[in-house]
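This briefing goes through one protein chain, from its overall build to two single positions. Please keep the sequence and the structure in view while reading.

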Amino acid sequence: MHRYTSILLFFLFLQLFFAVQPCHRVVTSAAAGGRWQLLQKSIGIVAMHMQLLNNDRVVIYDRTDFGRSNLSLPHGKCRNNSWELVIKYDCTAHSVEYDVLANKFRPLMVQTDVWCSSGAVVPDGSLVQTGGFTDGERKVRTFYPCNGDCDWVETGDGLKARRWYATNHILPDGKQIIIGGRRQFNYEFYPKTSSPDVYTLPFLAQTNDLDSENNLYPFVFLNSDGNLFIFANNRAILFDYKTGKVVKTYPAIPGGDPRSYPSTGSAVLLPLKNLDAATIEAELLVCGGAPKGSFEMATKRKSAERKFLKALDTCGRIKINEPNPQWVMETMPCSRVMGDMTLLPNGVVLIINGAGDGTAGWENGRSPALNPVLYWPGGAAGSRFEPLNPSTIPRMYHSTAILLRDGRVLVGGSNPHSGYEFTGVLFPTELSLEAFSPPYLDSKNKYLRPKIVSSTASKGKYIGFGQKLWVRFKVIGTLKADMVSVTMVAPAFNTHSFSMNHRLLALRNENVTYVRTSIYDIQVTTPSSGYLAPSGYYMLYVVHQYIPSIGIWVKLYI
């Protein structure tokens, strides 16, 4: 009897131990809770920044002043840079191209420091990346998708202001706006077309906290009216970048705690629907972050004085086009700072990576948040969160996550140190890549999963705004026509817990028609303007009962 009592007490102790963890490792069934796969044990660098391109390759980079990486540059190439702070003559790579379909990677060469930079994919499909640190802070670099030995092309000082921890957003005309950065309370455009070259934005100065800032990497989204929603620290504005005027000022998020770097939360623009409505509902979701004072407590000089406060466990939703918009607050299953939020093809939000205590910055985080969480925007209040199966790899500061065309989420990074540190530290530098498969990819859903057979939007064909298009798809099992939709997802530039330029559009469904056994056609209408969907490449999906097909690349163009 004593033996069984001991076992019971031990079991209860374990339950209590896990229950008090900020985002404890909840083990659920693989069939219901998603699945993890280790793709690469090491790509040689830290996946600090990631961008998926339309050839199913991912550009990844970290920073040149981490020291020597674990991946050599090819053909005897070396960087010889007198500005470099750590290794002036460096023959190792700090960027790679990862081939998703082949699960292979190759080294790329950056000329200047790309640390904590930003970027966007422009309409022709190339990645235009801006800013960085020291010699890289005003640089512009371009990576053109190819199937050969292409590499970064650096064009020099293309920026007028230093851009470190800035945010980029692609605009309807194909240009980028670059907003903020450390000690930069302004914005500029690229490419340059007019003067002045730099425009002041007082909102960034107003949201700057003494010592901790808490307004870096602001959350920026293009609204359906063509203005920009800009969130920094704990509040937001709607901004007309053409006139430089604030159109609307939103209330501060309840509680007043910061959500921007280094008190890093994350944010997404929830799926845009009813795209032909007179006023399109645009709703923002901001989750996680750190309480006021958390950064100061975590960065005390004396280690005995350092404290790692519990991260925020709340999310705020706000409908930004309403006459009197107000935040609606919800509570996550666990506290989370430095988490990444990714829109899945079915319109559900994945919250992944991060920590339960502390803030962003060098060794400022504790209690890894190993369990991803689904957020169902259309679910009943109080039941929208769904914890999923945990990873075994902590993804702390400098981690990333992006959606892939096949519906998986590519996860990488984690380096809370100023160099590559693999031993003798609490959270070693992580060079691996994982794929997380959400529950919709489970084999039990194979009879309901659509497969795109053909489309008028197939790769190589442009589709215009407000255009009818059809998609032919296959479903082996019983089709529920009223639960079929078509979505378009813009691939994100992800770094520091924010997916820039990421948006999902639910296209207007005209009708679903039967073609022959298991084959169907669906006709939809594309977005009507670049305010809804800037020109460029998107992943297009057919979704049936919340189960998406593998996407196809399409190009939306004026």
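Of the 558 residues in the chain, 61% are buried. The model is a predicted one, and its secondary structure amounts to 4 helices and 44 strands. The radius of gyration is 23 Å, close to the 24 Å that the globule rule gives for 558 residues, so the chain is as compact as a globular protein of that length.

**Overall dimensions and contacts**

- Taken along the principal axes, the box filled by the C-alpha atoms of the chain is roughly 80 × 70 × 55 Å.
- Among contacts in the chain with a separation of 6 or more, 62% are between residues 24 or more positions apart.

**Surface and charge**

- The chain has an accessible surface of about 21,800 Å². Carbon and sulfur atoms contribute 54% of that surface.
- Positive side chains number 57 and negative ones 44. The centres of these two sets are 4 Å apart.

**Annotated region**

- An unreviewed UniProt entry lists residues 48-440 as "domain: Glyoxal oxidase N-terminal".
- Within residues 48-440, strand makes up 34% of the chain and helix 3%.
- The end C-alpha atoms of this stretch lie 27 Å from each other.

**Position C78**

- C78 sits in the loop that runs between strand 3 (57-61) and strand 4 (79-80).
- Its relative accessibility is 23%, and C78 therefore counts as partly exposed, since the buried class ends at 20% and the exposed class requires over 50%.
- Leaving aside residues up to four places away in sequence, C78 touches L73, Y89, D90, C91 and M109.
- K88 is 10 residues from C78 along the chain, and the C-alpha atoms of the two are separated by 9.8 Å.

**Position A278**

- A278 also belongs to a loop, here the one between strand 20 (266-269) and strand 21 (283-287).
- With a relative accessibility of 88%, A278 counts as exposed, because that class takes residues over 50%.
- Between A278 and W470, which are 192 residues apart along the chain, the C-alpha separation is 24 Å.

**Points to check in the viewer**

- Where is C78 placed relative to strand 3 and strand 4? The residue is in the loop between these two strands.
- Is A278 buried or exposed? It counts as exposed, at 88% relative accessibility.

Definitions and conventions. Residues numbered from 1 in each chain as written. Heavy atoms only, no water. Rg over C-alpha atoms; globule rule 2.2 N^0.38 Å. Buried < 20%, exposed > 50% of the residue type's maximum accessible area, 1.4 Å probe, protein only. Contact = heavy atoms within 4.5 Å. Areas by Shrake-Rupley, 256 points an atom, 1.4 Å probe, with all protein chains shown as cover. Lys, Arg positive; Asp, Glu negative; His and termini not counted. Charge placed at Lys NZ, Arg CZ, Asp CG, Glu CD. UniProt positions renumbered as here; feature names shortened; annotations may be inferred.
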